[in-house]
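Here is a short report on a predicted model. Keep the sequence and the coordinates in view while reading.

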Amino acid sequence: MTRRRLSGLIGYFDVCDRDQTTPTYDPSPHCQCLVCMRTLCPPMVTVSLMPKGGRRSLFFRAHKVCWESLSDDGQRTYEGSIIDLEVEIEARRLLPEGSEKEDTMSDKAPVEGTSEERLG
Ligand SMILES: [Zn+2]
């Protein structure tokens, strides 16, 4: 599972639109569980995240039992890596539908306005 594909499992609301009740992007409820990567089925949980300084609030779904089987630390790790994917989500948003195979060209492209580096 590539980061870009993973980012497709994460829904979001644009922050600037406070009255928004439907997500800007909602992964199908039939998509995969973020924890076990199997097809989602009830009971599920929806976990919402608000990245610091982020442009949007994120959410993802997982099987209830998968999510609750994680330790607090485990959940935080997931949440951290989801927030980490916001950059992918932004990139994805700028791409036209069906251009997901272009992973190679974005490898070396400098990200303007970001000096942030993450290790690991
Ligand atoms: Zn699961």
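Start with Ile82. This residue has 21 C-beta neighbours inside 10 Å, so Ile82 counts as buried; the cut-off for that label is 20 or more. Ile82 sits in helix α3, which spans residues 72–84. Setting aside residues up to four places away in sequence, Ile82 touches Ile10, Leu49, Leu58 and Phe60. One of these pairs is worth a closer look. Ile82 and Leu58 are 24 residues apart along the chain, and their C-alpha atoms are separated by 8.2 Å.

Ile10 is the next stop. Leaving out neighbours within four places in sequence, Ile10 is in contact with Pro27, Leu58, Phe60, Ile82, Leu85 and Ile89. Leu58 and Phe60 thus appear among the contacts of Ile10 and also among those of Ile82.

The two contact lists can be set side by side.

| Residue | Contacts beyond four places in sequence |
|---|---|
| Ile10 | Pro27, Leu58, Phe60, Ile82, Leu85, Ile89 |
| Ile82 | Ile10, Leu49, Leu58, Phe60 |

Now the core. The largest nonpolar core holds 14 residues. Ile10, Leu34, Phe60 and Ala62 touch the most other members. Strands β1 (11–14) and β3 (56–63) each supply at least two residues of this core. The top contributor is β3, which gives three residues.

How are the strands arranged? Three of them form an open sheet in the order β1-β3-β2, with antiparallel pairing. The edges are taken by β1 and β2 (44–49). Each of these has a single partner strand, so one side of each is left without a neighbour in the sheet. On average, neighbouring strands of the sheet are turned by 20° against each other, direction ignored.

How many bridges join β2 to β3? Six bridges link this antiparallel pair. Two positions show the register. Met44 stands opposite His63 in β3. Leu49 has Leu58 in β3 as its bridge partner. Leu49 and Leu58 are also both among the residues that Ile82 touches.

The same two strands make a hairpin. Six residues lie between β2 and β3 there, and Gly53 in this hairpin takes a positive phi near 70°.

To recap: Ile82 of helix α3 contacts Leu58 and Phe60. Phe60 is one of the core residues that touch the most other members.

Conventions
Residues are numbered from 1 along each chain as its sequence is written. This is a predicted model: local features need pLDDT of at least 70, side-chain atom pairs count only at pLDDT 80 or more; totals for chains, interfaces and linings use all residues. A nonpolar core is a set of buried Ala, Val, Leu, Ile, Met, Phe, Trp, Tyr and Cys residues joined through C-beta atoms within 7 Å. A residue is buried if 20 or more other C-beta atoms lie within 10 Å of its own, exposed if 12 or fewer, and partly exposed in between; C-beta atoms are placed from the backbone. Helices (H or I, at least four residues) and strands (E, at least two) are DSSP runs, numbered from the N terminus. Two residues are in contact if their C-beta atoms, placed from the backbone, lie within 7 Å. Two strands pair if DSSP finds at least two bridges between them. Axes are lines fitted to C-alpha atoms, for helices over the stretch in contact, and angles run from 0 to 180 degrees between N-to-C directions.
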